[in-house]
Amino acid sequence: MLRYGEPQVAVGIAFLVIALLLGALFVTVARHTVGDVEYERVQTVGYWLRKRWLAFLCALLVLVVGLSLFELPYAKGSPRRVVHVTGLQFAWIIAPATVPRNTPVRFDVTSKDVNHGFAIYDPHGHMIGTVQAMPGYHNKLDLTFHTPGVYRVLCFELCGLNHHAMQASFTVR
């Protein structure tokens, strides 16, 4: 069940507010439009609005990209703890099985046999990260764990008859 304060609820409320404001704007414009409007006037106003809308979108793009640079995992210079993960039918080998809290962790994920989906679930059952485990490849997943507890690892891709039993866990302290 979703609770207030979760990202999905915030995005849903923001979408609803924006949709209602746009709807009110459309109704207002429709009510105040009476009869025919000269093409030249529409063209002049349209070009004026288009220039400002483009400038606004460019400024918004620069702002969003600039703010997101602070959240990139490789932008931070702190050392990472590396956890080696190997998937094989039908088990996960995770070493080490204990991860420190509030420390950047890099999962180095591979497979010995077939493709697997490496998915990490927090103690509340929410998926917080996923990456493919493929034979011959080492895929990386960078996470920082702030909540202590036992985190479950499940296979996220059908890999055989005992796919449902392919589970493991590690502890964040």
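A residue counts as buried when its relative accessible area is under 20%, as exposed when that area is over 50%, and as partly exposed in between. Phenylalanine 107 has a relative accessible area of 0% and is therefore buried. The model discussed here is predicted.

## Aromatic pairs

Phenylalanine 107 belongs to one of the 8 aromatic pairs that the structure holds. Its ring and that of phenylalanine 170 have centres 5.6 Å apart and planes at 55°, so this pair is classed as tilted. The two residues come from distant parts of the chain: phenylalanine 107 is in strand 4 and phenylalanine 170 in strand 9, 63 residues apart. Phenylalanine 170 has a relative accessible area of 1%, and is therefore buried by the cut-off given above. Beyond this pair, a cluster connected through ring pairs takes in Trp92, Phe107, Phe118, Phe145, Tyr151 and Phe170.

## The open sheet

Strand 9, which carries phenylalanine 170, takes part in an open sheet of 5 strands. The strand order is 3-9-8-5-6, and the pairing is mixed. Strand 3 (98-99) and strand 6 (127-133) are at the edges with a single partner strand each, so one side of each has no neighbour in the sheet. Strands of a sheet pair through backbone hydrogen bonds, and the pairing may be parallel or antiparallel. Strand 3 and strand 9 (residues 167-172) run parallel and are joined by 2 bridges. Across this pairing, valine 99 is opposite valine 172 of strand 9.

## Backbone exceptions

Most peptide bonds are trans, and most residues other than glycine have a negative phi. Several places in the model depart from this pattern. The bond from glutamine 89 to phenylalanine 90 is cis, with omega near 0°. Phenylalanine 90 sits in the loop that connects strand 1 (81-88) with strand 2 (91-95). A cis bond also leads from alanine 95 to proline 96, again with omega near 0°. Proline 96 is in the loop between strand 2 and strand 3.

Asparagine 102 is not a glycine, yet has a positive phi of about 60°. This residue is in the loop between strand 3 and strand 4 (104-111). Its relative accessibility is 46%, so asparagine 102 counts as partly exposed.

## Salt bridges

The structure holds 3 salt bridges, tabulated here with the distance between the closest N and O atoms.

| Positive residue | Negative residue | Closest N and O atoms |
|---|---|---|
| Arginine 80 | Aspartate 142 | 3.6 Å |
| Arginine 106 | Aspartate 142 | 2.7 Å |
| Lysine 140 | Aspartate 108 | 3.4 Å |

Arg80, Arg106 and Asp142 are linked in a network of salt bridges. In the bridge between arginine 80 and aspartate 142, the partners come from distant parts of the chain, 62 residues apart: arginine 80 is in the loop between helix 2 (39-68) and strand 1, and aspartate 142 is in strand 7 (residues 139-144). Arginine 80 has a relative accessible area of 24% and is therefore partly exposed. Aspartate 142, at 26% relative accessibility, is also partly exposed.

In the bridge between arginine 106 and aspartate 142, arginine 106 is in strand 4 and aspartate 142 in strand 7, so the contact ties together parts that are 36 residues apart in sequence. With a relative accessible area of 27%, arginine 106 is partly exposed.

The salt bridge between aspartate 108 and lysine 140 likewise involves strand 4 and strand 7, and so ties together parts that are 32 residues apart in sequence. Aspartate 108, at 12% relative accessibility, counts as buried. Lysine 140, at 43%, counts as partly exposed.

## Aspartate 122

Aspartate 122 is buried yet has no salt bridge. The nearest side chain of opposite charge is arginine 152, 9.7 Å away. A salt bridge requires the nitrogen and the carboxyl oxygen to lie within 4 Å. Aspartate 122 is in the loop between strand 5 (116-121) and strand 6.

What surrounds the side chain of aspartate 122? A polar atom of this side chain lies 2.9 Å from the backbone nitrogen of histidine 124. Leaving aside neighbours within four places in sequence, aspartate 122 is in contact with Ile128, Val150 and Tyr151. Tyr151 is also one of the rings in the aromatic cluster.

Conventions. Residues numbered from 1 in each chain as written. Predicted model: local features only at pLDDT ≥ 70, side-chain atom pairs only at ≥ 80, totals over all residues. Heavy atoms only, no water. Pairing = 2+ DSSP bridges. Helix = DSSP H or I, 4+ residues; strand = E, 2+ residues; numbered from the N terminus. Buried < 20%, exposed > 50% of the residue type's maximum accessible area, 1.4 Å probe, protein only. Phe/Tyr/Trp six-rings, centres within 6.5 Å; stacked < 30°, edge-to-face > 60°. Lys, Arg positive; Asp, Glu negative; His and termini not counted. Polar contact = N/O pair within 3.5 Å; in protein donor to acceptor, adjacent residues only side chain to side chain. Contact = heavy atoms within 4.5 Å.
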